[in-house]
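Hi,

Here is the structure I promised to pass on to you. Have a look at it first, and then read on for what turned up in it.

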Amino acid sequence: MGLHTILKKMKQKEHEVRLLMLGLDNAGKTTVVKQFCGEDISTISPTYGFNIKTVEHEVDNHEYRLNIWDVGGQSSLRSYWRNYFECTDGLIWVVDSADVDRLRDCRQELRKLLEEERLAGATLLVFANKQDLPEALSAEQIRDVLELNELKTHHWYILPCSAVTGQNLIAGIDWLIRDIAARIFILE
Amino acid sequence: MDGELAVGGGGGGGEVEKEKCEEEIRNGGDDGGGGGGDDMGLWPHPSPAKPSNIYGSSVKVRGHKIIFKKLPHEVKDLIPVLELLECGDASDDFYQSYVLLLWLSIIIYNPFNMTIFDITTTTTTTTTTPGLTVIERIMTVIKTHLNSAQKSREMAAYLAARFLTRPDLCNRHLPSFIDNCFEILDTESQTTNINAIYHKLGVLRALGLIFKHGRRDELAGHADTVFVRSGASGVTSAPETPIRKLAVKLLQRVGLIFLRPKVAAWRYQRGNRKLAINVESGRAAAAAEEVGKKKKEKEEVEVEEDEEEEEEVVREVEEVIDSLLQALKDKDTVVRWSAAKGVGRVTARLPHQFGDEVVGAILELFTGRESDKAWHGGCLALAELARRGLLLPERLSEVTPVVEQALVYDELRGQCSVGANIRDAACYLCWSMARAYHPQQLAPYIQQLATGLLIVALFDREIPCRRAGSAAFQEHVGRQGTFPHGIEIMTTIDYFAVGNRTNAYLNLSVLVAGYPEYTQVLIDHLVEKKVTHWDSVIRELTAKALYSLTMVCPEYLSEKVLFGLVRDSTGGTLAIRHGAILSLAHVTHALSTVASRTHKPLHTFINDEMLKKILVIISTLEERQLYRGLGGEYMKQASAVLIEKISLSQLPIDDDNIILKVWHDLLEECIVYAGENIRTSALDALASFWTTYHQPTTPDKVEWRNQLIHRYINILHTTDRELYCLGYTAALGCLPKSLACGKFDVLLPALLSTIAIRPNTTAWAETRRQAINSTLSLVTTLGINANEKECDTVGKDSLTSIYSVLLKSLDDYTTNRRGDIGAWVREAALVALKSLTLAVLKEDPGLLSMDTVEEMMCRVCQQAVERIDRTRKVAGTTLTALLYSSPPPLPHIPCEDKLKAVFPRDTCTTINWASEKTTYTLFVQLLDQPQYRPRLLLGITYSTGGIAANLSRYTSEALHTYLNGRAEQPHLLQSFWDTLLSLFAEHQKVDRITLPLIRTLGDLLTSSAVLDTVLQDNDKATNQLITLLRKECIKCSDYYKLTAVITVLCELLRLSSPTATRNVFTQMAIFLGYQYPKVRAMAATSLLTALQEYSEERDLVQGGEETLEQINTILEDTEWMNNLNEARTQRNRICQLAGVIPPQPKMK
């Protein structure tokens, strides 16, 4: 009955889901997480390293416990992708829709990430963030730039959203949880 | 992840199957029950077995609770299912009754009146026990299955719980059921029958589940009885683990019945977060207000509940908790784990004061008096409490020291160690704490927790513990963010990095120790717990880790640690001494390195008094006779390391001859020891020891050196024990330049004579290998120089003799029961040839004579085509190095162009030299070259005629390809044949070579006609071969060799002229009358086949068809295996028919 077994059982029993929040720096990852946790979003500084936050969320009459790993855009990621005890169930890729110059970088980083074998099978949710800014591209445009239609290895979904106003955040999480639950909490 | 995906596959299919299954089970049920008695004969058709299996598997994967909800729950299914259960033989299918019971549990969960059935069904069911109500029938089914040894027992218990807690049955049937259960528990305890245990398990589980699922108010009346009677039945102290576990479960649930279900108001909460509420409230831009409101609400709730805390806790609850605390110390993990969860559940309903007392009671488990089991149970219970918020922040000051101790709990009990589970559970506790508390609450304990977890992650002996430590550390960094340098360290000690223990000890520890907060605590931990650890591997790793850590902070080691290490070096137990000496050795070395790097005098780190103590350690151990016995091995090894490190540190000894002599004697004792690790440590030590303390600077020392070498050489020549010869040979190889210089002219002949096989040392292959290595290392130490004296450096004459001995040692095919141990020598010689040649080339290529190079190249090629993969690989690498030595190139390579054409540089670097598939096709091409041909053929025939199927297949393929390619060049084929025969002649009667060679000949002759041109009507060649074969068979008793010879002889019938044929017959006649029956039979069969096959082409026997027919008949009809005299008579008849003189038995 080591830590490993305990955590595995707990995950099944308490419907724990591990989500990894990634994206280029200044995409708004931490703002999204703070919105989820109901924390003050007026002052946010760049994330150095990572934060783990736990929130509960109800989808289709099931209570889920989301462990969200908010990893800084600049930090070295490998250590966070997986530890022995918990594997990543879902990826939330946050895009700064207004930062047109770096969308190409964004595409490359995402592609590199999805090739990582430790993330194989994880569900991908793309938040086209900062829709509250006038110069923001639409979700469709972002989808085309990121070439999501060519993505065959992961289940994916893209949504326009705004971390500041909270637009579409819940809709996105609902989709993500449903997709993950269909995979790991079968028959429930 | 994998597991989950697999579940996905099964579950996905299950959904589709589900409908079908239900349908099938229903049909089965209808046929069996609804149709009445006449259909029973047809049952099972369609059988419910298959769908049951599918459901059973689904339950196995997803658990019955989830499948339970998926089963159809219609009242109309009740009777069919029940009847299936009643008539089915419980043992006929493993899953059937299990699944049916599960199904029944959901059907009876429907709210309907059970008694209705009794009116409607009595008319239809005539076959099954008339007169009983449905309720009674269900109870019977339950009771039958509760006594089952199969898994259906568990489901019967589940059904019982669901059934008896129905509101309409609770009052009437529950009391009698409970009564019945305890009767069973009481009576079955009297017997030792194995089924009694199953029955007890069944009823205990049923009781437990009843108290889990039932309503508190309805069960409250029974709780007292159950509590008292279960105590009286003694199940909590039963010898069977599962019974104790179920008893603990029952107890905790009874305890919960006594307590009002509520969430403990006093529990510590770190904010209740709901994603939806948070985001919605954020959108309303009134987050702050909302939070404030919520807080207020919460406070109100708390106030309300505070008022309720007047509630009395009944005496039974105290007893339940007491039993649970006892169960935390149980000897089995499952029971402790169950108890821990029970403690958590019960405590959640207790009032503040009482709950905190429970925490206090758990903390009392962590004392030296309690067993390791108690520690483990205690950790689990604390972690459960922390997870539920029942471990209040005020208690953290008491919990943290306990955690610190539990994280390093490691004790040796007899032959095994205990504590790994405790350390793991302590990690679980830390992990829960990271999730439970606010950073502010944990702030005072951060340092302890961080270092505790780091120590586990870096220095634990077990991999699961290191990983658990790393995971808990990660959880703290991510959730608390308060660990100093958390993120940097987290990326250093991640899950994968800590997997390898050596890496964790030697590399990661240094990186982490680079952060000043952790340096000293890491060192302290190693010194306190790991230097004297019970596992010697850990002690060695610790010593090495301390070397690196000393570099990080030398002052601390020198001031605080060194003294203790010196003291323990002569301490009480073996582990302490061994560990302390090893660590002392490494720390001393590190300190001296730091001193010389920083240009400080050594005594700033190691003061004179300490130095003296270090130097006398070995003498003290010697006086106390601690180098004897089994423990002595550890002491010897550690002491050798100590001497080595002292020598490397160049500690001043002031020419104290007594110490030096003691050390030297000890090392000499170690180099001839049987344990290899002791020998290697001692040899390493000897090299540095001589270098530092025995430089021949004074006449005395020179004399000492001369005597030393003289003595060693003398041992080499005189000893009759291989270990001595091996040890001293190795020691000579370790001589530093200053000591060997001037003595090489004596050393070399001694070593070379050890390489040679002497009559009384034939089996000493290991020594010969060592001698080759020692020679090579001496050559490297002294350097090659043709112009200096032969006693100082390696000159031309020395080289000549070294080369000749090395090349000779490639003929070392010593075997013992381990097989071809000569291969060690050959491989060592190949490596030595390579290194030596490259060294000579650098110095002066002119030192290499043409003959030497030619022989070397041919012999290396021979080794590259022999039997052992590993040897071929070494030879291949050597060949590459010699062929493409750069610069200068090796002169005098025979047929260099051809060689380079066959083995271009690219091929040499990419080819797998050990693979028989690729290398042989290349090497056979060299058979064209007369220089290489003999050696290569020697090697190739050795492989082809071997018993390894794959090897002989590829080599023989390569040979055939070669020969077929030369079909138009008879002179090459002729030379090929001549070489084979001359090899045969040369090695006549050497079984190792001739047997494979004859086999190869047989293979070449039977499966290819390419050599026919050489043999056709060439009496000389054939007769020469027959002569050789005959000589080989004289006094031969090897069946395999005789078989091979017979094959070749019969093949010769195909080719040879009449004279040669007669010779063959003569020889075969001997075999037909051979003293071994098997040989006679073999000869007869082979001859018969050959005669039938080849007589069509020409007349093999004078007298034509008729004679041949007669011979064939004799060969066929005689029982060759039976009687020797009979066989010889028949043989003589054949001889007469064939016209050869029958062999005469020798007159004795």
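Before the first item, a word about annotations: UniProt positions are given here in the numbering used for this structure, and an annotation may be inferred rather than shown by experiment. Please also keep in mind that this is a predicted model.

With that in hand, start with chain B. An unreviewed UniProt entry annotates residues 855–1041 of chain B as "domain: Tubulin-folding cofactor D C-terminal". That span is 70% helix and 0% strand, and its end C-alpha atoms lie 30 Å apart.

Next, the nonpolar cores. The largest has 406 residues, and the members that touch the most others are L78(B), I362(B), W663(B), F903(B) and F1071(B). Take F1071(B) as an example: beyond its neighbours within four places in sequence, its contacts include L1042(B), V1045(B), I1046(B) and L1049(B), as well as R1080(B). Another core, of 32 residues, lies apart from the largest one, and L19(A), V94(A), F127(A) and I184(A) are among its members.

Now find F36(A), which sits in helix α2 (residues 29–37) of chain A. Is F36(A) buried or exposed? It counts as buried, because its relative accessibility is 0%. Leaving out neighbours within four places in sequence, F36(A) is in contact with residues of chain A, including V55(A) and I68(A), and with K274(B), L275(B), N278(B) and V279(B) of chain B. The C-alpha atoms of F36(A) and D174(A) are separated by 13 Å, and the two residues are 138 apart along the chain.

Helix α5 of chain A (residues 139–146) is a nice one to rotate on screen. Its residues A139(A), I142(A) and L146(A) are buried. They share one side of α5(A), because they cover an arc of only 60° around the axis. An α-helix has 3.6 residues a turn, so residues three or four places apart point the same way. The buried residues of α5(A) pack against β4 (90–96), α4 (103–115), β5 (123–129) and β6 (156–160) of chain A. Right after the helix comes E147(A), with a positive phi near 55°.

Last, the cysteines. How many disulfides does a search of the whole structure find? The count is zero over all chains. C465(B) is buried, with a relative accessible area of 3%. Its closest cysteine sulfur is in C427(B), and the two sulfurs are 6.5 Å apart, so they are too far from each other for a bond. C734(B) is in no disulfide either, and the nearest cysteine sulfur, in C670(B), is 13 Å away.

Happy exploring!

How values were computed:
Residues numbered from 1 in each chain as written. Chains lettered and ligands numbered in written order. Predicted model: local features only at pLDDT ≥ 70, side-chain atom pairs only at ≥ 80, totals over all residues. Heavy atoms only, no water. Helix = DSSP H or I, 4+ residues; strand = E, 2+ residues; numbered from the N terminus. Disulfide = S-S within 2.5 Å. Buried < 20%, exposed > 50% of the residue type's maximum accessible area, 1.4 Å probe, protein only. Arc of directions from axis to C-beta. Contact = heavy atoms within 4.5 Å. Core = buried A, V, L, I, M, F, W, Y, C linked by side-chain atoms within 4.5 Å.
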